[in-house]
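Hi everyone, thanks for coming. Let me put today's structure up on the screen.

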Amino acid sequence: MTSRGPGKRVRKAPAERRNEIVATAARIGLTEGLECVTLRRVADELGVQPGLVGHYFPAADHLVAEAFTSATMAELDTLLPEEAAGPGHDGPLHTFRAFFGLTSSAEFDNVSRLWLNARHLSRYRPVLREHVVAQELLWCRRIERIVVAGTEAGTFTCADPWAAATRILVAIDGTSAYINTSAEHRRVSTADMARTVAETELGLPPGTLAPS
């Protein structure tokens, strides 16, 4: 935790300060849980007064929701960049191989915990629930774009890309459901589940989407 020193506070542009607050909250939520995202905690991390954070986010629930969106959006842009299906890219097969390799690895654990945490809290926090639903749809749409690109190229065989994308995302979430409890006992037996679901949905031979 960062302590506030006696030095003069640096005045930042409103947009820069707001982005800094959200980024700090996202880091806390990702590594420690969304329950730890409070105005005071974020202020301590930034070395500012809680009132400054409250100026941008009078209600903590809005900061929690934006922290969740910021963290999951950054992860999505890493896993499935917007340009993944565009010209000049290595193709849908390469994209999905990398995607499933990362989502089945320990590197994805913090994001899995964040999704599990957010879905639980969204039962009691309407603002967070709106953000969770919006991110679910965005992740599905991003997967759908890759499915459509691969289908149009003749690489995949898929009659309903949206349905396939939804089932693939559900498979990823399903393998993450035990991340806070018995993940170490289940990781080996479930590591390839989302990938094998995707191969079935896309009409691919088993092992096609395995990391090369």
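How far apart should the ends of helix H1, residues 14-32, be? The expected span of a helix is 1.5 Å times one less than its number of residues, so the 19 residues of H1 should cover 27 Å, and the end C-alpha atoms are indeed 27 Å apart. Helices here are DSSP runs of H or I, at least four residues, numbered from the N terminus.

A quick word on the source: this is a predicted model, where local features need pLDDT of at least 70 and side-chain atom pairs count only at pLDDT 80 or more, while totals for chains, interfaces and linings use all residues. Residues are numbered from 1 along each chain as its sequence is written, and side-chain values use heavy atoms, leaving out hydrogens and water.

Back to H1. Its buried residues (under 20% relative accessible area, 1.4 Å probe, protein chains only) include Ile21, Val22 and Ile28. Among the elements covering them, with heavy atoms within 4.5 Å, are helix H2 (39-46) and helix H6 (109-121). Right after H1 comes glycine 33, with a positive phi near 115°.

Now, salt bridges, meaning a side-chain nitrogen of Lys or Arg within 4 Å of a carboxyl oxygen of Asp or Glu. The count comes to 14. One of them pairs arginine 119 with glutamate 136, closest N and O atoms 2.9 Å apart. That pair links distant parts of the chain, helix H6 and helix H7, 17 residues apart.

Glutamate 199 and arginine 195 also form one, at 2.9 Å from N to O. Both lie in helix H10 (residues 193-201), about one turn apart. Glutamate 199 is buried, because its relative accessible area is 3%.

Key
Helix = DSSP H or I, 4+ residues; strand = E, 2+ residues; numbered from the N terminus. Buried < 20%, exposed > 50% of the residue type's maximum accessible area, 1.4 Å probe, protein only.
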